[in-house]
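Me: I have a model open and would like to talk through how its helices pack. Could you take me through it, one contact at a time?
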Amino acid sequence: MTKRIALDKAAGAVYRAIDALDASVDFDPALRELIRLRASQLNGCSYCVDYHATDAQAAGESERRIAAVAAWRGNPLFDERERAAFALTDAVTQLPLAGVPDDVYAEAARHFDEAELGNLIGAIIAINAWNAVGVATGLKPEVEAVTA
């Protein structure tokens, strides 16, 4: 693969705008990392999957719950509120032509007040933007040295 651009250097204003959007989100830190992880899994951004799995652990999430994000539907490790956030994350990330289904939106609205829901949507939009940066520029996580 040819070397790709570093967006922060090539288009600093774009990079800073995405960063400002992300920084503006005021949402439960642990759940925010899990939805960042989920969107990153769906978007195939290996850099962001690695990054947000680490951040989720730092926010207090267990390795078991972090690993279970990939199979969140019906998983008893997550409560209804968390599953509603994942469902909305999936719907916005894999935006169908018809938009976010009404039942998915209604379930999220049942578990999050208006400010929380607005920030949840903002967090989903922000991580999808970061995933687009990571995938488009070919970001990869650093490989740890293996010691024998």
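Reply: Let me begin with one pair of helices, keeping in mind that this is a predicted model: the crossing of α2 and α8 is left-handed. The axes of α2, which covers residues 12-23, and of α8 come within 9 Å and cross at roughly 150°.

Me: How does α2 run relative to α8, then, roughly parallel or roughly antiparallel?
Reply: Roughly antiparallel, because the angle of roughly 150° lies over the 145 degrees at which that description begins, and α2 is classed that way relative to α8.

Me: Which residues meet there?
Reply: From α2 there are Tyr15, Ile18, Asp19, Leu21 and Asp22, and they meet Ile125, Ala126, Ala129, Trp130 and Val133 in α8. Sorted by class, this contact of α2 with α8 has 8 nonpolar and 2 charged residues, with no polar ones.

Me: OK, what about α6 against α8, how do their axes cross?
Reply: The axes of α6 and α8 come within 10 Å and cross at roughly 45°, which makes α6 oblique to α8. The crossing of α6 and α8 is right-handed, whereas that of α2 and α8 is left-handed.

Me: And what makes that contact?
Reply: On the α6 side the residues are Arg81, Ala85, Leu88, Thr89, Val92 and Thr93, while α8 contributes Glu116, Leu117, Leu120, Ile121, Ile124 and Asn128. By class, the residues in the contact of α6 with α8 comprise 7 nonpolar, 3 polar and 2 charged.

Me: Asn128 caught my eye there, is it buried or exposed?
Reply: Asparagine 128, which lies in helix α8, is buried, because its relative accessible area is 17% and the cut-off for buried is under 20%. Apart from neighbours within four places in sequence, asparagine 128 is in contact with Ala39, Asn43 and Thr93.

Me: Switching to α7, at what angle does it cross α8?
Reply: The axes of α7 and α8 cross at roughly 125° and come within 8 Å, and the two helices are therefore oblique to each other. This crossing, with α7 passing α8, is right-handed. Tyr105, Ala108, Ala109 and His111 of α7 make the contact with Glu116, Leu117 and Ile121 of α8, and these residues divide into 5 nonpolar, 1 polar and 1 charged.

Me: What about the core, how many residues are in the largest nonpolar one?
Reply: The largest nonpolar core has 24 residues, and those with the most contacts inside it are Leu34, Ile35 and Leu120. The elements giving two or more residues to this core are α3 (29-43), α5 (63-68), α6 (80-93), α7 (102-111) and α8 (114-137), and α6 gives the most, with 5 residues. There is also a second, separate core of 6 residues, which includes Ile18, Ala39, Ile127 and Trp130.

Me: Going back to Ile35, what is it in contact with?
Reply: Setting aside neighbours within four places in sequence, isoleucine 35 is in contact with Ala85, Phe86, Thr89, Leu120, Ala123 and Ile124.

Me: Last one, where does Leu77 lie?
Reply: Leucine 77 lies in the loop between α5 and α6 and counts as partly exposed, because its relative accessibility is 24%. Beyond neighbours within four places in sequence, leucine 77 is in contact with Arg64, Arg65, Ala68 and Glu82. Leucine 77 and leucine 88 are 11 residues apart in sequence and, from C-alpha to C-alpha, 18 Å apart in space.

Terms used:
Residues numbered from 1 in each chain as written. Predicted model: local features only at pLDDT ≥ 70, side-chain atom pairs only at ≥ 80, totals over all residues. Heavy atoms only, no water. Core = buried A, V, L, I, M, F, W, Y, C linked by side-chain atoms within 4.5 Å. Buried < 20%, exposed > 50% of the residue type's maximum accessible area, 1.4 Å probe, protein only. Helix = DSSP H or I, 4+ residues; strand = E, 2+ residues; numbered from the N terminus. Contact = heavy atoms within 4.5 Å. Axes fitted to C-alpha atoms, helices over the stretch in contact; angles between N-to-C directions. Parallel < 35°, antiparallel > 145°, perpendicular 65-115°, else oblique. Left-handed = near helix turned anticlockwise from the far one by under 90°. Nonpolar A, V, L, I, M, F, W, Y, C, P; charged D, E, K, R; others polar.
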